Amino acid sequence: PRTGILRCSWTSHHLRPAYYMAVVPKQHALVIVIRGTAKFSDVLTDLAASPAPFRTGHAHKGMVQGATWLYDVLLEGIRSFLRDPPGYSVHVAGHSLGGAVAKVVGTMDGYRAVAFNSPGLLLTRRRLGLRSADLHSNVVNVIAAGDVVSAIDKLAGMTQIIPCRMR
């Protein structure tokens, strides 16, 4: 079976997050990981907060365009991989804005999404055309106690708060 990284972009650009898509054969999983804010171009994506059309409404332009671009780039690769070999599941993960993108991309096709310190989507779900039930059943939030980014909007899905202490 195929193993390792199938596709990646280690460098982010405005409205295009860095990501990789890898195969983990022992877990029969295809994993997509989306990086959060790390460069100036990522900050520009964070600040692109004007409303952008998405599905049945409008939402944060940076998140919408990042998710749409990533979905378009990876969709055919995901579908062709899932045809052969059978029995693999898809998992999407990300940090901060990358976590919000992971939640949108994962929820669009019913994949499990794990987000670290990312904004919630429960209040904006209607603008994103996402169902509350899909967010609750597909999303896992991992939050460092006191994180401010995850306080933006309400979190949907399972939430695990972990203590964070400065040494």
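This tour moves through a predicted model, from its sheet to the helices beside it and then to a short look at helix 1.

Begin by selecting the strands of the open sheet, of which there are seven, arranged in the order 1-2-3-6-7-8-9 with mixed pairing. At its edges you will find strand 1 (4-9) and strand 9 (158-162), each of which pairs on one side only. As you step across the sheet, the twist from one strand to the next averages 15 degrees.

Next, select residues 112-116 and 139-144, which are strand 7 and strand 8; these two run parallel and are joined by four bridges. To see one residue pair in this region, pick F116, whose bridge partner in strand 8 is V142.

Now add helix 3, residues 97-109, which packs on the sheet and touches strand 3, strand 6, strand 7 and strand 8. The direction of helix 3 makes about 155 degrees with that of strand 6.

Then turn to helix 2, residues 61-83, where 23 residues reach 33 Å from the first C-alpha to the last, close to the 33 Å expected at 1.5 Å a residue. If you centre the view on L74, you will be at the place where helix 2 bends by about 40 degrees.

Finally, select helix 1, residues 40-47, and colour S41, D42 and T45, which are its buried residues. These buried residues lie on the same side of helix 1 because they cover an arc of only 100 degrees around the axis. On the other side of helix 1, look for F40 and L47, which are exposed.

Key:
Residues are numbered from 1 along each chain as its sequence is written. This is a predicted model: local features need pLDDT of at least 70, side-chain atom pairs count only at pLDDT 80 or more; totals for chains, interfaces and linings use all residues. Side-chain values use heavy atoms; hydrogens and water are left out. Buried means under 20% relative accessible area, exposed over 50%, partly exposed in between (1.4 Å probe, protein chains only). The arc is that of the directions from the helix axis to the C-beta atoms. The expected span of a helix is 1.5 Å times one less than its number of residues. The bend at a residue is the angle between axes fitted to the seven residues ending there and the seven starting there. Two strands pair if DSSP finds at least two bridges between them. Axes are lines fitted to C-alpha atoms, for helices over the stretch in contact, and angles run from 0 to 180 degrees between N-to-C directions. Contact means heavy atoms within 4.5 Å.
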